[in-house]
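Q: I am new to reading protein structures, and I would like a close look at a single part. Could you walk me through one strand and its neighbours?

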Amino acid sequence: MLVTYEVTRKDLRGPFTRRIPARMERMARLRRLAYRNAVEKLAERFHVSEKLLRMLNPGVGFRRPGKTLIVPDVGRGDPPAAVARIEVDKGARLVRVLDPSGKWLAVYPASIGSDENPAPSGMAEVKRVVRNPTYHYDPDFAFKGVKTKRPFTIAAGPNNPVGSVWIDLSIESYGIHGTPEPGKIGTTFSHGCIRLTNWDVEDLGSMVHPGTKVEFKDEIARAVDELAP
């Protein structure tokens, strides 16, 4: 469903981080990893890409308050009263939120691990939910494209490598987090953690709490095992 929205002065107000380097070591030199501009800020608010936001509003400028936009209706009701657990389905690249009866309360597309850094298996639990997190790089991670052998910290902001929320899990160095590149969710792999869009991880973060169970599942592998003689 689409609705109209009037751009406000707050929507256009920064601070913005207009140039964000691709290399993580250079990101660490910035004071903040804010939105690059008002279009990116509005696109995330309404859960769409910048390209789609512009397509919905051809010829409309985004630099003046009072402009009327066509945007998705992203309003939602009250959060669920009871969340029993989270399922991380590695085969389907989905994160599901279940109530005590096993009913799905929410389903999010996700990027989950990689061949070099696979996501874990079994059970875990949520330790804490960190909003607007900083990012701490450990050289032991040895990510591709990172050449330094020293640890570094990247400032907070929605364009931080872990996005706007970090849901810390009981497995060391693993979490569920956001991303500055929502268009790549479900189509690329992560460095081992579970990556959602910023808006989805914010939604998930509002539903879970320390102690919420997290189950890692691989439906494809399970199906193969069941078919084996």
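A: Happy to help; here is a tour of strand β10 and the strands beside it. Before we start, this is a predicted model, where local features need pLDDT of at least 70 and side-chain atom pairs count only at pLDDT 80 or more, while totals for chains, interfaces and linings use all residues. Residues are numbered from 1 along each chain as its sequence is written, and side-chain values use heavy atoms, with hydrogens and water left out.

Find residues 165-169, which make up β10. A strand here is a DSSP run of E with at least two residues, numbered from the N terminus. Five of the five residues of β10 are buried, so this strand is largely enclosed by the rest of the structure. Buried means under 20% relative accessible area, computed with a 1.4 Å probe on protein chains only. Now look at the two faces: Val 165, Ile 167 and Leu 169 are buried on one side, and Trp 166 and Asp 168 are buried on the other.

Next come the partners. Two strands pair if DSSP finds at least two bridges between them. Strand β7 (residues 122-131) runs antiparallel to β10, with five bridges joining them; here Arg 131 has Val 165 as its bridge partner. Strand β11 (residues 175-177) is also antiparallel to β10, through three bridges, and Ile 176 in β11 stands opposite Ile 167.

Finally, follow the chain from β10 to β11: the two form a hairpin with five residues between them. In that turn, Ser 173 has a positive phi of about 70 degrees.

Notes: Buried < 20%, exposed > 50% of the residue type's maximum accessible area, 1.4 Å probe, protein only. Helix = DSSP H or I, 4+ residues; strand = E, 2+ residues; numbered from the N terminus.
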